[in-house]
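User: Could you take a close look at one part of this structure for me? I would like to follow a single spot and then see how the parts around it fit together.

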Amino acid sequence: MLGVCYYPEHWDEARWETDARRMVELGIRFVRIGEFAWSRLEPARGQFAFEWLDRAMDILARAGLKIVLGTPTATPPKWLVDECPDIIPYDKDGKPRGFGSRRHYTFSSETWWKESKRIVEIVAERYGNHQGLVGWQTDNEYGCHDTIISWGPEDLKAFKRWLRMRYQSPDQLNEAWGSVFWSMELTSFDDVALPNLTVTEPNPATRLDFWRFHSDQVAAYDKMQCDIIRKHSPDRWITHNFMGFILDFDHFKVGDNLDLASWDSYPIGFVEKFPFSEAERNRWAETSHPDIAPFHHDLYRAVGNGRFWVMEQQPGPVNWAPWNPVPKPGMVRLWTWEAIAHGAEVVSYFRWRQATFAQEQMHAGLNLAGLDELSPGGLEAQRVAQELASLGVLPDTRKARVALVFDYQSYWTTVIQPQGKDFRYEELCFRWYEAARRLGLDIDFVRPGASLEGYDLVLVPCMTEVDEAAHAALKAATGTILIGARTGSRDRNFRIPDNLPPGSLSEMTGHRVIQVSTLRPGLSDPVSGAVAGNGIRWREYLQTDAEVLSTFANGDPALTKKGSVHYLACWPDEKLLAAAVRHVATKADIPIVEVPDHIRIRTRGDLSFAFNYGDSPWSIPADCEMVLGEAILAPQELSVFRLKP
Amino acid sequence: MLGVCYYPEHWDEARWETDARRMVELGIRFVRIGEFAWSRLEPARGQFAFEWLDRAMDILARAGLKIVLGTPTATPPKWLVDECPDIIPYDKDGKPRGFGSRRHYTFSSETWWKESKRIVEIVAERYGNHQGLVGWQTDNEYGCHDTIISWGPEDLKAFKRWLRMRYQSPDQLNEAWGSVFWSMELTSFDDVALPNLTVTEPNPATRLDFWRFHSDQVAAYDKMQCDIIRKHSPDRWITHNFMGFILDFDHFKVGDNLDLASWDSYPIGFVEKFPFSEAERNRWAETSHPDIAPFHHDLYRAVGNGRFWVMEQQPGPVNWAPWNPVPKPGMVRLWTWEAIAHGAEVVSYFRWRQATFAQEQMHAGLNLAGLDELSPGGLEAQRVAQELASLGVLPDTRKARVALVFDYQSYWTTVIQPQGKDFRYEELCFRWYEAARRLGLDIDFVRPGASLEGYDLVLVPCMTEVDEAAHAALKAATGTILIGARTGSRDRNFRIPDNLPPGSLSEMTGHRVIQVSTLRPGLSDPVSGAVAGNGIRWREYLQTDAEVLSTFANGDPALTKKGSVHYLACWPDEKLLAAAVRHVATKADIPIVEVPDHIRIRTRGDLSFAFNYGDSPWSIPADCEMVLGEAILAPQELSVFRLKP
Amino acid sequence: MLGVCYYPEHWDEARWETDARRMVELGIRFVRIGEFAWSRLEPARGQFAFEWLDRAMDILARAGLKIVLGTPTATPPKWLVDECPDIIPYDKDGKPRGFGSRRHYTFSSETWWKESKRIVEIVAERYGNHQGLVGWQTDNEYGCHDTIISWGPEDLKAFKRWLRMRYQSPDQLNEAWGSVFWSMELTSFDDVALPNLTVTEPNPATRLDFWRFHSDQVAAYDKMQCDIIRKHSPDRWITHNFMGFILDFDHFKVGDNLDLASWDSYPIGFVEKFPFSEAERNRWAETSHPDIAPFHHDLYRAVGNGRFWVMEQQPGPVNWAPWNPVPKPGMVRLWTWEAIAHGAEVVSYFRWRQATFAQEQMHAGLNLAGLDELSPGGLEAQRVAQELASLGVLPDTRKARVALVFDYQSYWTTVIQPQGKDFRYEELCFRWYEAARRLGLDIDFVRPGASLEGYDLVLVPCMTEVDEAAHAALKAATGTILIGARTGSRDRNFRIPDNLPPGSLSEMTGHRVIQVSTLRPGLSDPVSGAVAGNGIRWREYLQTDAEVLSTFANGDPALTKKGSVHYLACWPDEKLLAAAVRHVATKADIPIVEVPDHIRIRTRGDLSFAFNYGDSPWSIPADCEMVLGEAILAPQELSVFRLKP
């Protein structure tokens, strides 16, 4: 199903009726509204002006659209900021981040919680039972513009409260953090300082706790909104629209509050933001890399416990990347279908019509700037709507055979302590994911500690702390397991385990890590044996009683195997990674379809989908029944088919 | 004629007489003094010490030199800053920019206006009728060191006043800015905040107004100085010494205050500051690029309404660029003659003698550091003086056949909203200028809205807002017109026109722009047809009823023609730009002389000048009468000649 | 002899006995402790807890270890910082640098001096006569983390005091600084402002004085500690552990306080920090460049007036560089022996055991993290201990035949006024040192003004100010002298000499410099004649009456000779530098052994040492008697031998 993001407050009221009608004609069924409208809903404290929104929702509902309403907390208005300056976030340099754009609040402010509760309660009460309303979105894009971590006085206050709960006594905090080092010992929780503006790096354990604290706050803040909404708006679901590659808080914990996850899919902008090589950036500039959107679809399907939307789908060029190319013709349609292939319930475009003013005026919409006229992206959406209608109800997404364990805390840990400048957790996971998808595999993301039963292959690119639940889940796993470097390298207090890494995991893997070498670009360590390639960036020195499948140049173990548990003791280059994943997938008896780098396949129920991100065609496997598209998959095209049994 | 900048306060009084005599012997006729001497003129509030300057001016005048006196406002002394801390400017991070160098004031400070009026009045009164005095320089290098825009409390106060005048009511401001977006609405002018330190980018319309406001202030501040000077110093002209590639304020508006423009020409430093490629930087490191100085000569001839000086001419290596090479032998002479060829009335060297102390001690002068001995640059100046004398009075500069419309606001607009990271207005204009000069053409700069009548060819590289006057001027133009991308893309409130870009210009050009693609380095779109090459950086998607002369790879219009109006829908690469300019110049029936990349020619009256910036010789056209130099133009040489009729 | 750094406070008291025993078994004789333990020694103001340290020292002493005790001033505890916020340093942006790591104090704070005296007095009193104690270390790594220069209110106060002493009157200060420039004149010492946060660059003379002031403070602060220690701890020596490539203060002046110098040798980290090319970085990533450690050994032998230790020797991978590779097998042993070859009395490893917590948990120790088990580096240390024992007492270091004059102030001067962005004093000296060592030469560092008598060859890469003592020392020198560019280019007040550079040195060299060209990468000026190669980065224009040995492309002098004094008028590229140093060494009749770039040799008494940093073997000169190692020197190996007479 298709949806769209709409801002009635941006357009003359006389145009709303036409907009609603044209949306329905296009094949749109859902419309998200309201998430930035606080200044229009409450122009001054306590003076509410809901009538316009009443009229807008009535018009949309009457036209047959299902409404998703956003709580307006991402944009507190000027009068509120002036009245309550303590809601303002601070940057890492200690400077306040002021009014004038959005997300100008810190999760640590008690005032902000009070104000948020007030407005959410009022909005939820007024609209919670509106006939057209089917769901809610809390806030908007938590974490966008680096807004999870704030470094102000309110943050310090809240951090002290959090630490007091966690550690009970200063002695326990000192012990956990190893404060004896460099005379950092504290005698009371009041002694705690923000871990910024120190002479050299602050204690990594402090930084990790500061990150955990902020992550916990996001989940709690979101839950507060959800609780209020549920009270006033029975039988409506709640979601939040997450972002891509923002790992500053644990999305799984926010997902626990929600009925379904959603995310904002801007595939092209990531080509500039993700650490691709220049060659990759040039290659994928106008299509995006073929794993960028799917990586997030699969991630948010997990965050939503099986249910997710694309809340904002890029409909053409956008405005916020260093360069913003027009997508190649066909890509808007392709991305839409791809989301559906990965299980999206709804793909909702951002936005109905390109704005003629303010920050996002260069962001395409389904309609040209200011006009009632479909844009190139709008025409592609129209085609998808027709195709979707022709296919009817789609089968459900099935559990994949491959699980990838994804862990937000490992990102925080490795950002805090990279040890090698190019150790990037998100890049590592992305490359593991890519390697598996190049084998034609469907993948489920799994949070640390969740059950791994039923998966034939479990990929753990890196999990720095393996807590009891994660340990138990790995032990209970029945499939083949491939574990990457740094896993088990820290305990919950950011300390090296007493028995060296991988700590408690050592019984399963059979090794301990006695040294680590980080390698600058240009250095590598050749790996040979059962799988071959190079170790780059991060290379561990192992002592092991496991079987050694591959070795480094000096004979040290590179890939080991103990029972079904494999351990890869380095950051693998592309060749080594591809070989390692193929090796374990084969071990796990999973059928493999090797696809070129511009082709990806994915199944939903009994349907198979193929997508072509490149410049050359690809032949769909001969033995299949075409449902949509051609057997010869042209560039920027997709095909849907059923494999013959 | 030649001049020189001189600092009597830097040298023992006993040396002044000798200095004056040696200046005259060298052939110097003008001397600029006084612009940094405030602490010597008023060592403490109200305690004046003019006697030394009296004596210095008398000595200079007696020697036969004509004096240009600078107002000393670029360097308020310490006692003033301590007394009036509200004059201090603030950087974009909100930090005050303190005493200890120069230009430590904000144009927004009312205190600063009061103090400026006071000192200018006193200086103008005392010296306004001095017999040796022929002209004034206001302040020094407005905008140097990023000093137009300031982000302090005084600036906010003044900005609010300016907005109140412009918009009358908060509602009109909200409407103009589109403040409904992200709940940015204001309920009073007191709500306005500086557009810095926001969480993400602030409203572009706010930023543009903030820029306009500062630009207006500079013009008003300069006018205040001019008004005082005119009152006390009849029959003297006034100028200001502008900088190269500083576009933070509208120089045309300051020019309106002045009798003539002047600028400070440091050709070599720009090789590092302008966005040249590394190859170009290496090539032109010791000569400068052959269009750097001429571009500014032509610009400031327009700013000065036909009259300009070079107030500071680089006489050897300087001190402020990342690297400061010694110019190749001959370049100081070449640059001097080139300024004259472009119409400069006087070329004045900076400075008479290299200082032995303080910030600019590595900056060459006409004399060696601290000595009464000509430097290599001084010897070249001496030669120019002799040559000038031998030629006698030079003919007047004629109106060129080619006009280039140059628009400061388009720079502000595209800095605020680049959309593609490498969209640089100044670079675009420079490359258009270069393309025309490679065809041997003389060029006049024209401000937006000024008459274009009488020009055979009008080049408009980019004019984001086409206001009524600019529109009328284009309609009234009788020559061939070439308009570049982004022209007409915004209205006065930074909004997309109701009928899409180019707004009101669409009747002339015949098109509308429905999408824009910005292309990262490495991407390009091949253009073929009447002119060929590649679109890079910025590529528009046009719908047009004009004739299509060239197309992009997919057949979209790249160059269109409606009557005499051509539109180029991209940022052209070197090849495409050269072809497009050649195409329209040919259309316009202008004779072309294609010159190599290291040769430039220029006419003044009936004289032709040729300049060789490179390593290989060039033959002057056979049919001419040599006035100065050789018919085979050697490297770093110039020739003056008359074309035979 | 070997030593180790130990932190009893990091480990359970039950383990101390074992640690001490295992140290002795390994062959360790010295143990440094206590330098970060303030919070454990004085948990709250006036509440002391010395008993644990008493016990630790007793255990170590009883095991036969000699103790070096550090004063704990590098890590003032939280309660002290809270009580005395005026001890906190400020960064260049004016932001306080807070508690949470180390070195969070400014040398300018009078409170900090009072607190330092107090704790040093207490510690020195308590332990000054401990039987196990043999020496003291003052503080820890002055200058680490950019902590010499601080920009806070206490610094301004102290700077004014220092200026008042130096200049006596504001007039003399104005005269010295050339404050007349840009109206910077001051009327009282109270007018002095910190030279940061100015609109453009501040006066270079002010910056140099600010640097000298801070440097003087470091020496005075260190002397204060030494005086207290000497009072309470007779018959013990005092050292400080300096850093590599930190030139922010004059180490020779601190050395004057000490009995011996020591330094902390982390050869691999410097591969990333020193401005090597990428190719060099890749080549030396896992061994370090073969001159990095030796350069500092020779420097600190001079700072220690002939006596030095390595106080912290890298024992494996560390944690603080952008990448931290494992050293190649053999390098820990090689570095240790190399320090001894250069005269180190003791090489002390950092640290006994890798920590499992806090900032340095990824820093290797002689034992694995948290364990009683030697690491790979520990095993190499063990081998060195055995080899050292087998060799017995080593001969004394002899005076070298080559002197290199090293001048901290020249570093400050050229940082303040680079003129060419890549003029880096430390790089220049390093490259001169490297060129001499590639000829197999032993080198002594000499401070400016110290006697140069007895040296056959004196190298002066750059000495911007040649004061009277330095001038006299050069005049009295009996050997061949090679002087590099910029020498003598400034007087004590950062002014250009009245007779142009090299000022007073001109009688010796025969030249004056009339212009300087700085050349961007990609530009060079070919040099030919007696020595050939290229001038890069910095190229002077000389007028000279000396003999011209080599010339630049245009015939200008590049290398001149007047008597035994040679002057090289540029920054030489590798080829030119090698040729110039070979030329003067030959002139000086010093026997040369040209070694490949991965081999270095060094003598100590009658012993010769050879070290192999590369991948290919090297043959020891045939005519020698092997003392340790092989005649064919394998990669990462060392040999000790006696040349046959």
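Analyst: Happy to help; here is a walk that begins at one residue and moves outward to the chains. Please keep in mind that this is a predicted model.

Let us start with C:Val326. This residue sits in the loop that links strand 8 (308-313) and helix 13 (331-341) of chain C. Is C:Val326 buried or exposed? C:Val326 counts as buried, because 21 C-beta neighbours lie inside 10 Å and the cut-off for a buried residue is 20 or more. Leaving out residues up to four places away in sequence, C:Val326 touches C:Gly316 and C:Pro317 in chain C, and A:Gln515, A:Ser517 and A:Tyr541 in chain A. Another residue to look at from here is C:Gly377, which is 51 residues away along the chain, with 9.8 Å between its C-alpha atom and that of C:Val326.

The contacts in chain A lead to an annotated stretch. UniProt, in an unreviewed entry, places the feature "domain: Beta-galactosidase trimerisation" at residues 400-590 of chain A. In the model, this span is 26% helix and 31% strand, and its end C-alpha atoms lie 11 Å apart. The domain assignment of chain A gives domain 3 as 402-587, alongside domain 1 (2-149 + 218-391), domain 2 (156-204) and domain 4 (600-643). Between the centres of domain 2 and domain 4 of chain A, taken over C-alpha atoms, there are 56 Å.

Now for how the chains are arranged. Chain B superposes on chain C by a rotation of 120° with 0.0 Å of shift along the axis, at an RMSD of 0.0 Å. That is the relation of a three-fold axis. Where these two chains meet, 48 residues of chain B are in contact with 40 residues of chain C. On the chain B side, helix 2 (38-41), helix 4 (78-83) and helix 11 (278-284) each give two or more residues, and helix 2 provides the largest share, three residues. By class, that side has 22 nonpolar, 18 polar and eight charged residues.

Finally, the interior. In soluble globular proteins, nonpolar side chains tend to be buried together. Here the largest nonpolar core has 204 residues, and those touching the most other members are B:Val31, B:Val402, B:Leu404, B:Val458, B:Leu459 and B:Ala580. Helix 8 (residues 204-232) of chain B gives the most to this core, eleven residues. Beyond its neighbours within four places in sequence, B:Val31 is in contact with residues including B:Tyr6, B:Met23, B:Leu60 and B:Ile67. A second, separate core holds 202 residues, among them A:Leu53, A:Ala193, A:Phe295 and B:Phe181.

Technical notes. Residues numbered from 1 in each chain as written. Chains lettered and ligands numbered in written order. Predicted model: local features only at pLDDT ≥ 70, side-chain atom pairs only at ≥ 80, totals over all residues. Least-squares fit on C-alpha atoms with pLDDT ≥ 70 in both. Domains from an automatic or database assignment. Contact = placed C-beta atoms within 7 Å. Helix = DSSP H or I, 4+ residues; strand = E, 2+ residues; numbered from the N terminus. Nonpolar A, V, L, I, M, F, W, Y, C, P; charged D, E, K, R; others polar. UniProt positions renumbered as here; feature names shortened; annotations may be inferred. Buried ≥ 20, exposed ≤ 12 C-beta atoms within 10 Å, placed from the backbone. Core = buried A, V, L, I, M, F, W, Y, C linked by C-beta atoms within 7 Å.
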